[in-house]
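Student: I have a structure open and would like to learn how to read it. Could you walk me through it?

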Amino acid sequence: MKRNTKLGKQSQMEYIKLLIPILVVVFLLIIIPLSSVVGLAFTNFSFVTMKENRFIGLANFVKMATDERFWNSLKVAAIFGSTTVTLQIILGLGIALILVTKFRVTRISRTLFLLPLTTPPIVASLMWKLFFTPTNPGMNYVLGVFGIKGPNWFDKPLSAMSAIVIANVWQWTPFCMLLFVAALESMPEDPFESAIVDGANVWQRFWRITFPLIWPTVTFVATFRAIESLKLFPLVYVMTGGGPGISTEPINYYAFSSAFEYNRIGYGSALVVVMMILVVLIVIVMKRRSYEV
Amino acid sequence: MKRTVVMLLLLLFALCIWAGGQQDKEAPSGGASAFEGMTVDVMYMATGGHTDTGKLVGEFEAKYGVKVNFTMIAPAQYDAKLDTELIPKTGAYDAVWLPWRTFHRWVAADWIEPMDALLADANLVDQEQLDLKGFFPPAVSSLQVGGKQYALPSYNDGAIFAYRSDLYQAAGLGSAPDTGQQVREYAAKLHSKEVAGYAMRASKSGGCAGWMVPMLLRAWGGGVVKDYPNDWRGNLTSPESMAALEWYVDIMTKYTFDGGLTACWMEIVPAYTQGKVAQVPEAWVLMGQFLEPEKSVVYDKTAFAIPPRGPATRIASGAVHGLGIPANSPEKELGYKFIEWVLSEHVQRRNVVENKSTAITRPKIMAEAAYVESFEYGGKQFVQTVQESLDKYVNALFRPMSPKWREVEEQLGIAISSVLTGQQQLMPAMEKANKEITRIHQEAGY
């Protein structure tokens with residue numbers, strides 16, 4: 001018995017030794033940068049005025065409470081997150097349901113649907129900016145074919161935001177689709193056979209069997225995409241620059257402007273800390289949701 | 001057969017190596033210099049008139065027996081790129097482009113080396129090549145801070161006014177508008193479904209609304225701040241500033257092109273060259289494109305005028321970019337030498353003739369036949385207008401000069417953009433911007 005315990009301790013040491021390389025990597029690449037950002041959030045750090053940099057406690061966070069631009073950036077992030085994630089899940093699941101059918105054409109389509117995912121974000125942003133620019137023969141030309149007069153997309157907050165949402169949904173729906181296809185294809189067939197015998201229709205089979213079975217995937221996709229939507233950067237940077245005004249400026253873009261355009265690294269870091277807290281909250285909420293089937 | 005092919009391939013390979021070696025030998029054969037065998041790292045912003053400068057550096061390499069690593073960065077990414085090079089003090093560059101908007105910020109951070117000691121070094125300076133007095137004098141002085149010269153002018157831009165002479169004629173408009181009021185009247189007459197009556201920079205991005213609107217404020221007797229450099233509080237709600245802004249919002253919301261309310265030069269220049277705009281104030285360096293038959297459908301229907309005056313004065317925004325030396329450059333003298341060479345009369349002339357560059361900083365070249373002939377489509381009116389504007393109206397002090405300009409400019413841009421796109425009324429938007437501008441300057445100790 002004693003011998004076994006000793007062996008257990010030995011193997012524990014072996015495990016720890018094996019973990020050391022990855023712990024070093026995590027420490028160097030994650031813990032140190034994150035702690036630096038958290039530390040900077042409590043300073044007035046600026047590269048331009050290095051001699052005046054000092055610890056200022058919670059001043060950046062207090063300032064944030066009365067900063068209209070910060071609250072606007074949270075609102076914009078929430079709108080982007082809710083619209084893009086909802087649309088991506090609905091469209092991704094819809095396409096996945098079509099693609100898991102046994103028709104040959106769906107196999108080719110599966111590859112085609114993945115193309116947006118392979119486009120570099122900056123290229124996709126430039127492509128969509130050109131497409132939505134009213135002086136180019138893009139979206140408004142397409143709408144014109146159907147007799148619809150397209151708006152000046154980037155001249156109004158709603159249309160500018162819609163343009164970014166459309167571009168984001170175009171690029172990331174294939175990712176959701178891919179995960180849903182995997183989830184749908186790994187479902188057991190028995191419950192469906194029983195349901196058919198019991199006379200359940202397609203709609204009932206979807207809501208009562210398919211959806212509960214893929215629910216963990218739905219929550220994973222929603223969590224992942226919600227976090228990613230907080231990091232939405234290239235589309236905003238290239239397509240609108242956060243404008244018109246600040247109507248499409250999410251929190252990460254505001255953090256970027258504060259830190260690198262205005263050289264207020266301390267305040268920019270404080271904004272990033274808030275963003276990290278939001279990410280943690282999203283993960284906690286969605287993790288709880290994943291058990292509620 | 002197989003053996004012959006292998007032999008031929010080997011021969012070809014050997015020839016390639018030999019040719020490469022010959023090229024390497026040719027580059028530094030111009031004669032020995034104090035810099036023989038050294039390397040100079042240069043970073044340029046890919047701005048109008050300078051995108052082809054890299055093609056000329058072979059001459060510098062041959063003359064001084066050095067190698068030039070020439071990097072060109074797009075304007076939108078330039079500031080961030082230079083920040084990342086200057087902040088960690090990598091010493092990666094010996095000569096860098098310094099854009100007018102962020103120049104003061106980098107100087108305030110002590111990241112740029114004052115050039116005075118280098119300019120005074122008789123062993124280093126080739127006076128004939130430098131010819132300091134040959135630059136536009138205001139361009140040289142606008143790159144001084146606290147009496148020190150931090151850069152030499154590489155780009156001397158200013159706003160002038162371009163218009164469609166054919167549309168003017170058809171509408172019975174005799175000459176170019178002299179006042180802002182006339183510009184608005186003309187815009188109303190010229191505006192149609194196909195051609196917008198007017199376009200002007202409006203985007204909140206750097207160098208867009210922030211380059212044009214301060215010029216209007218000054219022309220109407222207002223300004224971004226109350227009394228530069230004595231009183232740095234925001235001045236956007238003064239009666240004069242408000243009158244200028246009302247004019248701007250009115251003409252833009254009524255007569256600009258589709259997408260024009262968030263446009264900057266990247267959208268305005270193509271809109272004009274595609275024949276979609278009738279009148280536009282823009283940077284003259286970019287207007288060379290209006291006159292190129294390959295790029296513009298209105299190259300022979302375009303005329304130019306000095307910027308229309310406001311109720312208070314006539315003024316044109318200026319933009320002087322410079323070439324400077326990072327404080328941590330390991331080869332400051334060689335960096336200086338490159339700057340001296342690339343801004344010399346001879347190289348600027350080559351840039352005009354070979355690269356069709358409008359962006360010159362020496363008045364002498366602008367008066368030369370080579371320059372005038374490069375832009376003859378406008379019947380020399382373009383060059384004359386630029387000369388007159390530079391002589392009398394271009395003023396780098398159209399805005400307050402401070403390391404905080406980028407932030408101030410953005411506050412102004414956000415307010416303007418919100419008003420143009422109907423999100424806010426003019427007065428509340430400007431009151432908010434005023435407050436922010438005052439706060440920014442107070443926090444910076446002004």
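**Where two chains meet**

Tutor: Gladly! Keep in mind that this is a predicted model. Let's begin with one pair that you can pick out on screen: A:Arg69 and B:Glu410 are joined by a salt bridge, and their closest N and O atoms lie 3.2 Å apart.

Student: How many salt bridges are found across the interface of chain A and chain B?

Tutor: The rule for a salt bridge asks for a Lys or Arg side-chain nitrogen within 4 Å of an Asp or Glu carboxyl oxygen. Across this interface, six pairs satisfy it. As for polar contacts, 14 residue pairs are counted between chain A and chain B, with both residues at pLDDT 80 or more.

Student: Which elements of chain A give two or more residues to the side that touches chain B?

Tutor: Those are helix H3 (68-99) and helix H12 (251-261) of chain A. H12(A) gives the most, with three residues. Sorted by class, this side of chain A has 10 charged, 10 nonpolar and nine polar residues.

Student: And how many residues are in contact on each chain?

Tutor: Chain A brings 29 residues into contact with 34 of chain B. About 2,400 Å² is buried between the two chains, and carbon and sulfur atoms account for 46% of that area.

Student: Now for the empty spaces. How does one look for them?

Tutor: The general idea is to roll a probe the size of a water molecule over the atoms, which shows where empty space is left. In this model the count is four cavities of 30 Å³ or more.

Student: What is the volume of the largest cavity, and which residues are closest to its centre?

Tutor: Its volume is about 130 Å³. Of the 16 lining residues, B:Tyr198, B:Met215, B:Leu216, B:Trp247 and B:Pro308 are closest to the centre. Helix H9 (180-190) and helix H10 (209-219) of chain B each give two or more residues to this lining, and H10(B) has the largest share with three. By class, the lining has 13 nonpolar residues, two polar and one charged.

Student: Which residues line the second largest cavity?

Tutor: Among them are B:Trp100, B:Phe103, B:His104, B:Val320, B:Arg399 and B:Met401. This cavity has a volume of about 80 Å³. Helix H4 (103-108) and strand S12 (316-326) of chain B each supply at least two lining residues, with the largest share, three residues, coming from S12(B). Its lining divides into seven nonpolar, three polar and one charged.

Conventions. Residues numbered from 1 in each chain as written. Chains lettered and ligands numbered in written order. Predicted model: local features only at pLDDT ≥ 70, side-chain atom pairs only at ≥ 80, totals over all residues. Heavy atoms only, no water. Contact = heavy atoms within 4.5 Å. Buried area = accessible area lost by both parts, 1.4 Å probe. Polar contact = N/O pair within 3.5 Å; in protein donor to acceptor, adjacent residues only side chain to side chain. Helix = DSSP H or I, 4+ residues; strand = E, 2+ residues; numbered from the N terminus. Nonpolar A, V, L, I, M, F, W, Y, C, P; charged D, E, K, R; others polar. 1 Å grid on protein atoms, 1.4 Å probe; cavity = no way out; pocket = protein on both sides within 12 Å on 5 of 7 lines; lining within 4 Å. Points joined across faces, edges and corners; volume = space filled by probe spheres on them.
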